[in-house]
Amino acid sequence: MSRFTEFNFSGHKALVRVDFNVPIKEGKITDDTRMKAALPTIHKILSDGGSVILMSHLGRPKGTVDAKYSLEQIVPHLKELLKGVTVYFSADCVGTLAEERAESLNSGEVLLLENLRFHAEEEKGDPTFAGQLSRLGDVYVNDAFGTAHRAHASTAIIASDFPVGKKMFGLLMEAEVSNAERVLHAAEKPFTAILGGAKVSDKIEIIENLLNKADNIIVGGGMTYTFLRSQGKNTGNSLCEEDKLDLATDILNRAKEKHVAFLLAPDSVIADSFSNDAERNIVSNDEIPEGWMGLDIGPEAIQLFSDVIAGSKTILWNGPMGVFEMSNFREGTKAIALAVASATQQGAYSLVGGGDSVAAVNQFGLADKVSYVSTGGGALLEYFEGKTLPGIAAIQE
Ligand code: AMP
């Protein structure tokens, strides 16, 4: 049992760091996934007889008050999600107003604090500011995996104001941490990492760390062409990071030394311009003609990758196999999503995380066919890069 589920919140005021950094267009929340993800934690505290003080950031107001980033906008939706629960709002996250509102909060009630990032001290990790926040509650719960890689006042520094036993992960954070740990530290073999997306430069550290963990590393997406180019292949107008060619060669050599199967797509769907209406063709990756660019993996690559995925017991997937936002270059990503779903059905454990691959499994309606879909973008990547995440360390120490 976890510290959170064991804890009886009756009579306690829980200060809960959530990630309510939701996309808002013209005053309307366009995706409330992050709010919904925090509900189980909130409900557990309330049903125990505790009260909840929610703190979050929204956007990047950079230490100034800006109505565009006010969390007051989300209060009506929060009330809807928490049907019947009394929800108050404090127009400042610290100071007299916040303290009065927190003080008069009754069990079963919720208080949402204004955007933490209206104070520059939040991102600076200022201990005095963290101290002002910590005064509002008597238990600290961190349920914001999306910001776990930041040593901000509310995500990490504040934890030192609470004794062991009075600081803990919420249910979302617990799930994120245990799923990520399962892949990184207890992966059943064969372990296959599927890495896609645009650039090698964004994924260097994760590839380097996974070279020590994975049996197979499948590389798709725009990254492919930098690796191919480093091997002297013609990649036409495909995405290529000229300054990363030596690094790409070095990664391929290290994979060989470590006996990690490093799989690059053998063929591509190519296009004569970066457009869904472009002329298309399927070619071997040995020779992409001048003026053409690879925008998706080809049928041979789909077959090869799907076979490796089918034989895996643990699968980590980050990043699309092609420009899946365009319908004509979506097939590779869709096929890989289906392969991961089918391996999962056969008993493999699969974790999908990091931005666009999550968007992809959602788009294909396969989110409930994989073992776990992470809510953390940057935080998850840093975790798989092998870094210590301050938000996790602050609770675990
Ligand atoms: P990332 O944020 O690094 O995971 O990259 C995701 C982006 O990579 C998506 O917007 C894809 O459209 C893009 N992408 C994937 N494959 C390619 C490719 N072959 N050429 C250009 N962009 C790509």
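Colleague: Which residue forms a salt bridge with Glu123?

Modeller: Arg117 is the partner of Glu123, with the closest N and O atoms 4.0 Å apart. Bear in mind that this is a predicted model. A salt bridge here needs a side-chain nitrogen of Lys or Arg within 4 Å of a carboxyl oxygen of Asp or Glu. By this rule the count comes to 14 salt bridges.

Colleague: Are Glu123 and Arg117 buried or exposed?

Modeller: Glu123 is partly exposed, at a relative accessible area of 38%. Arg117 counts as buried, at 7%. The cut-off for buried is under 20%.

Colleague: What else reaches Arg117?

Modeller: The side chain of Asn115 reaches the backbone nitrogen of Arg117 at 3.0 Å. Asn115 lies in the loop between strand 6 and helix 5. With 1% relative accessibility, Asn115 counts as buried. Setting aside neighbours within four places in sequence, the contacts of Asn115 include His57, Tyr69 and Cys93.

Colleague: Which parts of the chain does a salt bridge such as Arg34 with Asp19 tie together?

Modeller: Start with the pair itself: the side chains of Arg34 and Asp19 meet at 3.6 Å, N to O. Arg34 belongs to helix 2 and Asp19 to the loop between strand 1 and strand 2, so the salt bridge ties together parts 15 residues apart in sequence. Arg34 is partly exposed at 33%, while Asp19 counts as buried at 10%.

Colleague: How many residues apart are Lys387 and Glu205?

Modeller: Lys387 and Glu205 form a salt bridge with their closest N and O atoms 3.4 Å apart. They are 182 residues apart, and the pair links distant parts of the chain: Glu205 is in helix 8, and Lys387 is in the loop between helix 14 and helix 15. Lys387 has a relative accessible area of 34% and is partly exposed. Glu205 is also partly exposed, at 42%. Salt bridges with shared partners join Glu205, Glu385 and Lys387 into one network.

Colleague: Now helices. Which residues of helix 6 are buried?

Modeller: First the general idea. An α-helix has 3.6 residues a turn, so residues three or four places apart point the same way. In helix 6, residues 127–134, the buried residues are Phe129, Ala130, Gly131, Leu133 and Ser134.

Colleague: What covers the buried residues of helix 6?

Modeller: The cover includes strand 1, strand 4, strand 6 and helix 5. At the start of helix 6, a side-chain oxygen of Asp126 comes within 3.0 Å of the backbone nitrogen of Thr128.

Colleague: Which backbone atom does the side chain of Lys167 reach?

Modeller: The side chain of Lys167 reaches the backbone oxygen of Ala159 at 3.2 Å. Lys167 is in strand 8, and at 6% relative accessibility Lys167 counts as buried.

Colleague: Next, the domains. Where does each one begin and end?

Modeller: Domain 1 covers 3–169 and domain 2 covers 177–384. Their C-alpha centres lie 36 Å apart. The contact takes 5 residues from domain 1 and 8 residues from domain 2.

Colleague: How much area do domain 1 and domain 2 bury between them?

Modeller: The size of an interface is often given as the accessible area lost when the parts come together. Domain 1 and domain 2 bury about 600 Å² between them, with 75% of it on carbon and sulfur atoms. On the domain 1 side, Phe145, His149 and Phe169 lose the most area, together 77% of what that side buries.

Colleague: How many salt bridges does the rule find across that interface?

Modeller: It finds 0 salt bridges across the interface of domain 1 and domain 2. The rule also finds 0 residue pairs in polar contact there, with both residues at pLDDT 80 or more. The domain 1 residues that touch domain 2 divide into 3 nonpolar, 2 polar and no charged.

Colleague: Last, the backbone. Which peptide bond is cis?

Modeller: The bond from Lys189 to Pro190 is cis, with omega near -5 degrees. Pro190 sits in the loop between helix 7 and strand 9.

Colleague: What is phi of Glu26, and what is phi of His259?

Modeller: Phi of Glu26 is near 45 degrees, a positive value in a residue other than glycine. Glu26 lies in the loop between strand 2 and strand 3 and is exposed at 83%. Phi of His259 is near 55 degrees, again positive in a residue other than glycine. His259 lies in the loop between helix 10 and strand 11, and at 73% His259 is exposed.

Key
Residues are numbered from 1 along each chain as its sequence is written. This is a predicted model: local features need pLDDT of at least 70, side-chain atom pairs count only at pLDDT 80 or more; totals for chains, interfaces and linings use all residues. Side-chain values use heavy atoms; hydrogens and water are left out. Domain bounds come from an automatic or database domain assignment. Contact means heavy atoms within 4.5 Å. Buried area is the accessible area (1.4 Å probe) that two parts lose on being put together, summed over both. A polar contact is a pair of N or O atoms within 3.5 Å; within protein, one must be able to donate a hydrogen and the other to accept it, and residues adjacent in sequence count only if both atoms are side-chain atoms. Ala, Val, Leu, Ile, Met, Phe, Trp, Tyr, Cys and Pro count as nonpolar, Asp, Glu, Lys and Arg as charged, and the others, Gly among them, as polar. Buried means under 20% relative accessible area, exposed over 50%, partly exposed in between (1.4 Å probe, protein chains only). Helices (H or I, at least four residues) and strands (E, at least two) are DSSP runs, numbered from the N terminus.
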